[in-house]
Amino acid sequence: MQYHSTRQTDRLISSSQAIHQGLSEDGGLFVPDHFPQLDWWELTGLDYPALAGRILGAFLTDYSPEFLQQAAAAAYEAPFAGQTAWLCDISQGLYSMELWHGPTCAFKDYALQLMPHLLVEAKHNLECKEETLILVATSGDTGKAALAGYQDVPGVRIAVFYPNSGTSEIQRLQMCTQEGNNVAVYAVEGNFDDAQTGVKRVFGDEGIRQQLEKRGIQLSSANSINWGRLAPQIVYYFAAYLQLVKRKVVQPGEAVDFCVPTGNFGDILAGYYAKRMGLPVGRLVCASNKNDVLTEFLTTGVYDARREFYKTTSPSMDILVSSNLERLLYHVSGNAQQVAGWMEQLNQQGHYTVPADLLAKIQQDFAAGSADDAQAAETLRRCYEQNGYLCDPHTAVALRVAQQYQQKAGDKTPMVVLSTASPYKFPGDVLAALGRSVPADEFEAMEQLEQHCGLPIPQALKGLRQKPERFTQVIPPEGIASAALA
Ligand SMILES: *Cc1c(COP(=O)(O)O)cnc(C)c1O
């Protein structure tokens with residue numbers, strides 16, 4: 001299996017190179033040059049790490065199968081305590097796959113618990129002796145998941161930059177109490193865009209690159225444009241399908257739909273890869289919050305980022321430029337030059353439109369819908385009251401969109417909603433949605449939610465209260481470069 005950019009296809013590289021480099025020099029994203037085919041029924045009976053080893057092995061062909069198996073065991077056994085791809089019944093034909101039973105209580109652990117193993121092995125395969133410095137700008141979940149994944153990994157350092165007062169208090173404490181000798185965390189004055197722009201500037205600064213090179217350091221990123229973050233997410237679609245066959249919810253070969261709360265389009269795109277590999281996936285339903293740029297695109301073929309940015313109760317979906325969509329455009333059009341043109345137009349003018357036949361092709365696999373904060377809160381409450389099922393605000397957006405899709409489509413295809421975060425990461429918003437009063441202190445809110453619902457608070461979040469805050473520095477955006485070089 002080889003990889004090339006979404007914007008030009010003539011330079012082929014290995015999976016180790018794709019993971020080590022992250023982004024192509026031409027600005028494109030790396031994609032596999034074909035979709036490997038897997039007979040899903042032959043995967044029946046495998047446990048999650050074994051399943052991950054098999055699926056990753058189909059893509060990461062320059063890693064040894066033994067290595068992938070061991071890495072998957074290390075990433076998914078102890079850290080998830082047996083609760084991988086945890087499927088819960090909500091109502092007839094509707095399921096929630098809880099992906100937040102990992103160390104940081106968000107689905108990003110699936111990628112970021114495994115990715116450090118993949119990066120270290122890639123450096124080994126490429127005989128790269130330099131130290132890797134990973135820079136992350138985060139609005140919350142990615143930062144913590146990356147810190148937890150890269151803590152004390154040899155040959156790697158990581159620095160995380162988050163917007164000062166731009167995350168939930170729980171998310172902030174998760175990051176500032178991070179242990180490990182190779183980690184640093186900074187609050188940046190300003191919003192997420194300021195932090196992100198500051199980090200991007202460091203990546204693009206030739207002077208900084210040269211200084212780092214002299215010291216034997218190479219920059220890298222941990223965000224979801226890296227193939228090493230996308231590939232591990234394909235696995236849980238297979239795991240969900242195999243569970244539904246085992247429970248006899250579907251006959252072997254019958255389709256299952258998936259609804260995914262979407263931001264950067266990585267999580268849902270992994271479902272598209274699963275489908276193209278031969279898994280009987282029906283529709284992939286993209287759920288947006290009030291920032292519904294993707295829903296508009298999947299409905300009209302017009303991608304228009306020139307719109308107001310809303311801060312919502314599902315902050316990890318507050319995105320106007322959804323990077324991974326570029327991979328889908330390449331796979332559906334098969335035309336790198338065209339993709340480069342659309343991305344250029346997006347960059348210059350803030351919008352582009354795809355032709356009607358391409359949109360029709362996309363709509364064979366994808367549907368979309370959106371829910372604002374009030375609608376998501378209403379669904380969260382109704383789901384708890386009618387079905388006894390508690391979810392976080394991101395999952396609530398998807399639940400609403402899934403239920404609307406099922407009503408409209410009127411068919412009986414089972415639907416799996418991907419549940420992306422623990423409700424205890426957003427205890428205040430969840431309490432408010434349930435119609436309860438919200439205490440000012442978030443730990444107090446966690447405890448009230450636990451008393452009200454009986455769902456235990458994850459130990460990793462409960463323990464935050466006692467942990468010392470190691471990182472308290474607040475820097476201006478211009479200070480990101482010197483912090484990175486420190
Ligand atoms: C990151 C995140 C998402 C969005 O996932 P994408 O892969 O960016 O589409 C949704 N929900 C939560 C809780 C997240 O952390």
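Me: If a polar contact is a pair of N or O atoms within 3.5 Å, what makes the approach of Asp-141 to the ligand a polar contact in this predicted model?

Reply: An N or O atom in the side chain of Asp-141 is 2.7 Å from an oxygen atom of the ligand; because the limit for such a pair is 3.5 Å, the pair therefore counts as a polar contact.

Me: Why do Gly-263 and Thr-420 also qualify as polar contacts of the ligand?

Reply: For Gly-263 a polar backbone atom is involved, at 2.8 Å from an oxygen atom of the ligand, whereas Thr-420 places a polar side-chain atom 2.9 Å from a nitrogen atom of the ligand. Both distances lie within 3.5 Å, so both pairs meet the criterion. Of the 390 Å² of accessible area that the ligand has on its own, 96% is covered by the protein.

Me: Which residues come nearest the ligand, and what classes make up the shell around it?

Reply: Lys-108, Asp-141, Gly-263, Asn-264 and Thr-420 come nearest among the 14 residues around the ligand. By class, the shell holds seven polar, four nonpolar and three charged residues, and Gly-263 belongs with the polar ones because Gly is counted as polar.

Me: Why is the space lined by Thr-262 and Gly-263, among others, called a cavity and not a pocket?

Reply: The name applies because a cavity is a set of points where a 1.4 Å probe fits but cannot get out, whereas a pocket is an open set. The structure holds one cavity of 30 Å³ or more, and the largest cavity, with about 50 Å³ of space, passes that cut-off. Its lining also includes Ser-288, Asn-289, Met-317 and Ile-319, and by class the lining has five polar, four nonpolar and no charged residues.

Me: What makes H10 stand out in the lining of the second largest pocket?

Reply: Helix H10 (227-246) is one of the elements that supply at least two lining residues, together with helix H2 (48-59) and strand S3 (86-91), but H10 gives the largest share, five residues. The pocket, of about 410 Å³, is lined by 18 residues, with Leu-46, Ala-239, Leu-242, Gln-243 and Lys-246 nearest its centre; 10 of the lining residues are nonpolar, five polar and three charged.

Me: How do you know that S7 and S15 are paired, and why is S15 called an edge strand?

Reply: Strand S7 (residues 183-188) and S15 share two bridges in the parallel sense, and because pairing requires at least two bridges, the two strands count as paired. Val-188 has Ile-475 of S15 as its bridge partner. The open sheet runs in the order S8-S5-S6-S7-S15, and strand S8 (217-221) and strand S15 (474-475) are its edge strands, each pairing on one side only.

Notes: Residues numbered from 1 in each chain as written. Predicted model: local features only at pLDDT ≥ 70, side-chain atom pairs only at ≥ 80, totals over all residues. Heavy atoms only, no water. Near = heavy atom within 4 Å. Polar contact = N/O pair within 3.5 Å; in protein donor to acceptor, adjacent residues only side chain to side chain. Areas by Shrake-Rupley, 256 points an atom, 1.4 Å probe, with all protein chains shown as cover. 1 Å grid on protein atoms, 1.4 Å probe; cavity = no way out; pocket = protein on both sides within 12 Å on 5 of 7 lines; lining within 4 Å. Points joined across faces, edges and corners; volume = space filled by probe spheres on them. Helix = DSSP H or I, 4+ residues; strand = E, 2+ residues; numbered from the N terminus.
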